[in-house]
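Please open the model in your viewer and keep the sequence panel visible. The tour below goes from one selection to the next.

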There are 2 protein chains.
Amino acid sequence: MLKLYYAPGTCALASHIALQEAGATYTIERIDFKINQQNSPEYLAINPKGRVPALVTDRGILTETPAMLAFIAQGFPQAKLAPLHDPFEFAQAQAFNSYLCSTVHVAHAHRVRGYRWATDEASFADMKRKVPQTVGAGFALIERGMLRGPWVLGETYTICDPYLFTLAQWLEGDGVDLSTLPRVMGHRARMAERPAVRKALAEELN
Amino acid sequence: MLKLYYAPGTCALASHIALQEAGATYTIERIDFKINQQNSPEYLAINPKGRVPALVTDRGILTETPAMLAFIAQGFPQAKLAPLHDPFEFAQAQAFNSYLCSTVHVAHAHRVRGYRWATDEASFADMKRKVPQTVGAGFALIERGMLRGPWVLGETYTICDPYLFTLAQWLEGDGVDLSTLPRVMGHRARMAERPAVRKALAEELN
């Protein structure tokens with residue numbers, strides 16, 4: 001049995017959707033950021049990084065969204081969530097997810113988590129002002145070239161799609177001009193119609 | 001034939017070492033950051049992100065170190081650079097590399113590339129001051145739990161090892177107290193003795 005630790009509004013949604021798409025049997029457990037539960041001794045024993053998501057498996061605990069997404073795809077091959085038998089195409093999927101993780105998500109995090117990388121309030125405000133530009137630049141690259149359409153890798157839905165959808169949830173909050181991203185917004189709308197996405201979102205709101 | 005675009009002192013070294021360890025036939029091409037060659041029209045046609053590394057393959061171009069490392073491991077299975085047939089253990093390898101990419105490398109980048117996320121000189125200085133702490137915290141987690149020893153995943157050398165070695169090259173510059181990281185430093189010393197590492201470093205200096 002798999003157990004996903006998550007918090008609403010975080011990148012844990014990507015793995016949550018992937019579990020749904022895979023037809024996995026899983027439970028979810030909410031971590032309450034308002035009471036800093038992610039840094040409680042109990043949760044740090046699960047994920048010493050003090051972050052979500054974390055996935056408890058019968059082999060041990062996994063963290064890091066790109067790794068978890070590939071694990072779900074490999075663990076449920078019948079769901080065909082990644083081009084598992086084509087190293088080049090699998091690498092393209094991984095490169096997309098790595099870009100979301102290390103560039104786009106990181107740009108977004110400077111809006112409200114500037115304290116991770118600086119100390120002064122003035123620096124936080126400076127970082128925050130730049131977020132529309134940095135997140136916008138990341139999504140502009142996706143819009144112009146990386147999102148093949150209708151899904152990220154083209155005709156086939158993969159683990160890249162829930163991850164892009166998850167980060168695209170943050171665009172309004174990040175102050176990005178949505179009118180510059182018609183293809184990303186089309187993808188977001190297509191994703192929102194998928195039963196697995198609706199189910200995962202509903203589970204997180206309960 | 002594979003062709004690796006790199007710049008000395010960057011994370012491209014991880015893929016370069018992996019290519020050597022894999023016994024791959026490849027060429028390397030240096031991108032000169034001093035003249036901002038990474039943002040030249042010619043290079044942006046190869047990697048629109050304006051970053052290194054990029055790997056030209058006969059199928060197309062790959063970017064993002066974690067994806068490139070997994071691609072090298074899958075493309076040269078006889079080199080046994082990743083636990084390719086164990087999805088959980090492969091995910092652990094990927095989680096390690098994802099952590100380096102999205103947390104440790106990002107922390108490091110705030111030392112001299114603060115302009116990516118802020119605008120004011122005061123913010124850059126603030127970020128820079130925090131780097132010993134943020135990079136140190138990332139490496140402390142590696143030291144305490146993630147580096148199993150003697151290699152990252154234990155007895156078997158994998159694609160995690162050249163990546164850790166590459167980021168560990170930056171510890172002195174990042175102002176991290178090396179005496180707190182005996183296991184990481186032992187790993188760095190073991191890596192430095194490997195013929196593939198010496199070869200890759202020598203090729204980058206030519």
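**Stop 1: the interface**

Select both chains: chain A and chain B each put 39 residues into the contact (two residues are in contact if their C-beta atoms, placed from the backbone, lie within 7 Å). This is a predicted model, in which local features need pLDDT of at least 70 and side-chain atom pairs count only at pLDDT 80 or more, while totals for chains, interfaces and linings use all residues. Residues are numbered from 1 along each chain as its sequence is written, and chains are lettered from A and ligands numbered from 1 in the order in which they are written.

Now colour the side of chain B that touches chain A. At least two of its residues come from each of strand S4 (61–63), helix H3 (65–75), helix H4 (87–109) and helix H5 (121–146) of chain B. Helices (H or I, at least four residues) and strands (E, at least two) are DSSP runs, numbered from the N terminus. H4(B) gives the largest share, ten residues.

**Stop 2: the sheet of chain B**

Next, select the four strands of chain B, which form an open, mixed sheet in the order S2-S1-S3-S4; two strands pair if DSSP finds at least two bridges between them. Strand S2 (26–30) and S4 of chain B are at the edges with a single partner strand each, so one side of each has no neighbour in the sheet.

Zoom in on strand S3 (residues 54–56) of chain B, which runs antiparallel to S4(B) and is joined to S4(B) by three bridges. There, B:Ala54 lies opposite B:Thr63 of S4(B).
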